[in-house]
Amino acid sequence: MSASLPPLPVSQEPTDGPVLLELTSGADEPCLRADAARNRARLLEAATRLVAEHGAAGVTMEAVAAAASVGKGTVFRRFGDRTGLLMALLDHSAKQLQAAFLSGPPPLGPGAPPVDRLRAFGLAVLRQTADHLELQMAAQPEGARRFSNPPHRLLSGHVTLLLRQAVPGADSVLLAQTLMSCLDPALIHHLTKEREMPPERLEAGWIDLVARVTCTELPQ
């Protein structure tokens, strides 16, 4: 992916800024008992091994339970369903991205002009999706849930804010959804796997799209 984009920082919860969004449905996570926290970590470690060995298709509730030597009911109680389990696996990298654009260094984080931040945001999402494409595809919610789930709302809200600053007077909400469609994992999968487009072409396309939407010059 683009060499101009700095690597995402190690996830650090901001102390004064916005609270990072949890992708998983674990509202009780902060008060987990020590043994429950260990069980959750063990299940995620088992699921990670299964992804490495068999791909996302090999991550079933039954397979994870067997790999972690626990009952299947334990996996369901912890994650709800397979989508919840896959979302938990994606949670760490998502937190890194959130930390980067909420409180990290510019141009992705605060302090850079909105157009520069918009460019960097798209490149970061493209890179993150490419790194976890199989899991992203397997964990995608169905139908309308794709647009109403908390992760999508957070990312589209960030793009909306940047567009509101960069293009005053535009319908920033609708325009943000249009831009976000270009970062959809299903589309990235189609373009990179089926159309065999290199990641660099997707990155260049994002930079060009941002320039056209914001009526700005392409970066030199």
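Sort the lining of the largest pocket by class and you get 15 nonpolar, 10 polar and two charged residues. Keep in mind that this is a predicted model. Here's a quick tour of that pocket, then the cores, then one short helix.

**The largest pocket**
- The space inside comes to about 540 Å³.
- There are 27 lining residues, and Gln136, Pro151, His152, Leu155 and Pro185 sit closest to the pocket's centre.
- Two or more lining residues come from each of α4, α5, α6 (133-139), α7 (145-148), α8 and α9.
- Helix α4 chips in the largest share of the lining, with six residues.

**The nonpolar cores**
- In soluble globular proteins, nonpolar side chains tend to be buried together.
- Here the largest nonpolar core has 31 residues, and the members touching the most others are Leu118, Phe121, Val159, Leu163 and Trp206.
- At least two core residues apiece come from α4 (82-103), α5 (114-131), α8 (150-166), α9 (172-181), α10 (185-194) and α11 (199-214).
- Helix α5 gives this core its largest share, eight residues.
- Take Leu118: setting aside neighbours within four places in sequence, its contacts are Val159, Leu162, Leu163, Leu179, Trp206, Val210 and Thr214.
- Another core, of 21 residues, lies apart from the largest one and includes Leu44, Met61, Val64 and Ala65.

**Helix α3**
- Which residues of α3 (residues 72-79) are buried? They are Val75, Arg78 and Phe79.
- Those residues are on the same side of α3 because they cover an arc of only 75° around the axis.
- Right after α3 comes Gly80, with a positive phi of about 85°.

Key:
Residues numbered from 1 in each chain as written. Predicted model: local features only at pLDDT ≥ 70, side-chain atom pairs only at ≥ 80, totals over all residues. Heavy atoms only, no water. Buried < 20%, exposed > 50% of the residue type's maximum accessible area, 1.4 Å probe, protein only. Helix = DSSP H or I, 4+ residues; strand = E, 2+ residues; numbered from the N terminus. Arc of directions from axis to C-beta. Core = buried A, V, L, I, M, F, W, Y, C linked by side-chain atoms within 4.5 Å. Contact = heavy atoms within 4.5 Å. 1 Å grid on protein atoms, 1.4 Å probe; cavity = no way out; pocket = protein on both sides within 12 Å on 5 of 7 lines; lining within 4 Å. Points joined across faces, edges and corners; volume = space filled by probe spheres on them. Nonpolar A, V, L, I, M, F, W, Y, C, P; charged D, E, K, R; others polar.
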